Amino acid sequence: MTAVTNDEQVAEGFLRVVGLSKAYGDVRAVSNVSFSLEPGTFFALLGPSGCGKTTLLKMLAGFESPSAGEIHLGPGEITDMPAFRRPLNTVFQHYALFPHMDVAKNVGYALRQQRPRIAKSEIESRVNAALQLVQLDHLPRRRPSELSGGQQQRVALARALVAHPSVLLLDEPLSALDAKLRVDMQAELKSLQSRLGISFIFVTHDQGEALSMADRIAVMREGEIVQDTTPMDLYDRPADSWVAGFIGTMNFVAGTVAGVSDDLTQVETEAGTFSGIATADLNSGQDVRLALRPERLRLFAPDSDDSKAAECTATGVVEAFSFHGDQVDCTVRTQTIGAVKVRIPLAGTAHEIDFQSGGAVVVGWNSRDARVVPTWNSAAKS
Ligand SMILES: Nc1ncnc2c1ncn2[C@@H]1O[C@H](COP(=O)(O)OP(=O)(O)OP(=O)(O)O)[C@@H](O)[C@H]1O
Ligand SMILES: [Mg+2]
């Protein structure tokens, strides 16, 4: 990342947040958060309930004042700028449309409040352009109560976009929609963002949504950003055991670092020594977890020759399985590393594996498919 020293040289829409914190009494809602966003980035803020996502967004929008830190947008600092002057607009989880106003009036509301006044004809054309962006220009006279959930969501989006923000803030904008509509709106939002070329900061606690939509994901925990990277990197190289368990499904084997050779780290566990790729700097003897994704594991029949090709194996019995058409999810109770979740694709291959509960199987994997992550311990943190 390029160091920014002089705001004058910075592109409009470049957002830079430095050491932002917010305390409510003893509660540190947001702690020392820093990040920079190139214009046109789809940035997801992902984290469990209460980790500070909304508080961070409110400080960016100007609805909360930070306890410490700075916000810079384009060539200037906006930390103390009133919300209505900031070139940032917000779409909330509950869109709060005015029920007595029709769609066009809702979308044009903020423009009508502006002083000096904006000409009526300009308001009309900007409202129409915003409604076209969200494909609602055929329904300007409908009231919110006469719209579906997805259409109401589009009105809220148009209302935020009509002011031509350089960054759009979205706080769990899809959480009120049913699953099917949610998937459609995800695609629509993504395409809207790339057409507009502005940054979206998208708050969600749905990791699937973040992985599929974002250019970059910042994972928040207890007010801090613990990892800020691309979706693929986050999934493949989680910074610690908490992130590894939060993103997708992960199997863990507890151990300590025994040594490093080439790009592999050896982990001593109760079940013996395993190797994997470390996702962070580790010290000898440090508490770590060997982390194994279910889809990186393979299942073999007990005496199959194929199982001998796997670098690591654990023998066990199938404890539970579920069929999903294109894949089978199994839980295998192993003799050495506990219960292990395994995901087997059923892509046209005939399987001789006994998936039935109680069937004997061998779980196998290669060291390069395993990750070694530092153990995160909440008690040790403070
Ligand atoms: N006005 C307030 N006064 C006191 N504490 C607050 C206030 N607003 C938020 N908090 C606390 O700050 C922390 C972060 O809250 P925040 O709303 O930012 O979480 P969130 O990540 O958006 O959670 P969710 O996913 O549930 O929306 C929580 O512990 C919350 O209780
Ligand atoms: Mg929230």
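In this predicted model, helix α2 provides the largest share of the lining of the largest pocket, with four residues. That pocket holds about 790 Å³ of space. Its lining counts 27 residues, and those closest to the centre are A83, F84, N89, A110 and A163. Besides α2, strand β6 (88-91) and helix α4 (149-161) each give at least two residues to this lining. If you sort the lining of the largest pocket by class, you get 17 nonpolar, five polar and five charged residues.

**How the helices pack**

Since α2 and α4 both contribute to the pocket lining, their packing is a good place to go next. Two packed helices are described by the angle between their axes and the distance between the axes. Here are those values for three helix pairs.

| Helix pair | Axes come within | Crossing angle, roughly |
|---|---|---|
| α2 and α4 | 7 Å | 30 degrees |
| α2 and α3 | 9 Å | 125 degrees |
| α4 and α5 | 11 Å | 20 degrees |

Let us take α2 and α4 to begin with. Their axes cross at roughly 30 degrees, which makes α2 roughly parallel to α4. The crossing of these two helices is right-handed. On the α2 side the contact is made by V103, N106 and V107, and on the α4 side by V155, A158 and R159. By class, the contact of α2 with α4 comprises four nonpolar residues, one polar and one charged.

Helix α2 (residues 103-113) also packs on helix α3 (residues 120-133), with axes that cross at roughly 125 degrees. The two helices are therefore oblique to each other. Here, too, α2 passes its partner α3 in a right-handed crossing. The α2 residues in this contact are V103, A104, V107, G108, L111 and R112, and they meet I123, R126, V127, A130 and L131 of α3. Eight nonpolar residues, one polar and two charged make up the contact of α2 with α3. If you are following individual side chains on α2, look at V103 and V107: both are named in the contact with α4 and in the contact with α3.

The remaining pair is α4 and α5. Their axes cross at roughly 20 degrees, and that makes α4 roughly parallel to α5. Helix α4 passes α5 in a right-handed crossing. From α4, the contact takes in G149, G150, Q153, R154, L157 and L161; from α5 come L181, M185, E188, L189, L192 and L196. This contact of α4 with α5 has seven nonpolar, three polar and two charged residues.

**Cavities**

How many cavities of 30 Å³ or more does a search of the whole structure find? There are two.

The largest cavity has a volume of about 50 Å³. Its lining is formed by L133, V134, R154, L157, M185, E188, L189, L192 and R195. Helices α4 and α5 (179-196) are the elements that give two or more residues to this lining, and α5 gives the most, with five residues. Among the residues lining the largest cavity are R154 and L157, which also belong to the α4 side of the contact with α5. M185, E188, L189 and L192 line the largest cavity as well, and they are part of the α5 side of that contact. By class, the cavity lining divides into six nonpolar and three charged residues, with no polar ones.

The second largest cavity holds about 30 Å³ of space. Around this cavity you will find T54, L57, K58, A61, F63, T90, F92 and D171. Which helix gives the most to the lining of the second largest cavity? Helix α1 (residues 53-61) does, with four residues. Four nonpolar, two polar and two charged residues make up the lining of the second largest cavity.

**Two backbone features in loops**

Most residues other than glycine have a negative phi, and most peptide bonds are trans. Two places in this model depart from that pattern. R115 and P116 are joined by a cis peptide bond, with omega at about -5 degrees. P116 sits in the loop between α2 and α3. The other place is H164, which is not a glycine yet has a positive phi of about 55 degrees. You can find H164 in the loop between α4 and β7 (167-171).

Key: Residues numbered from 1 in each chain as written. Chains lettered and ligands numbered in written order. Predicted model: local features only at pLDDT ≥ 70, side-chain atom pairs only at ≥ 80, totals over all residues. Heavy atoms only, no water. Axes fitted to C-alpha atoms, helices over the stretch in contact; angles between N-to-C directions. Parallel < 35°, antiparallel > 145°, perpendicular 65-115°, else oblique. Left-handed = near helix turned anticlockwise from the far one by under 90°. Contact = heavy atoms within 4.5 Å. Nonpolar A, V, L, I, M, F, W, Y, C, P; charged D, E, K, R; others polar. 1 Å grid on protein atoms, 1.4 Å probe; cavity = no way out; pocket = protein on both sides within 12 Å on 5 of 7 lines; lining within 4 Å. Points joined across faces, edges and corners; volume = space filled by probe spheres on them.
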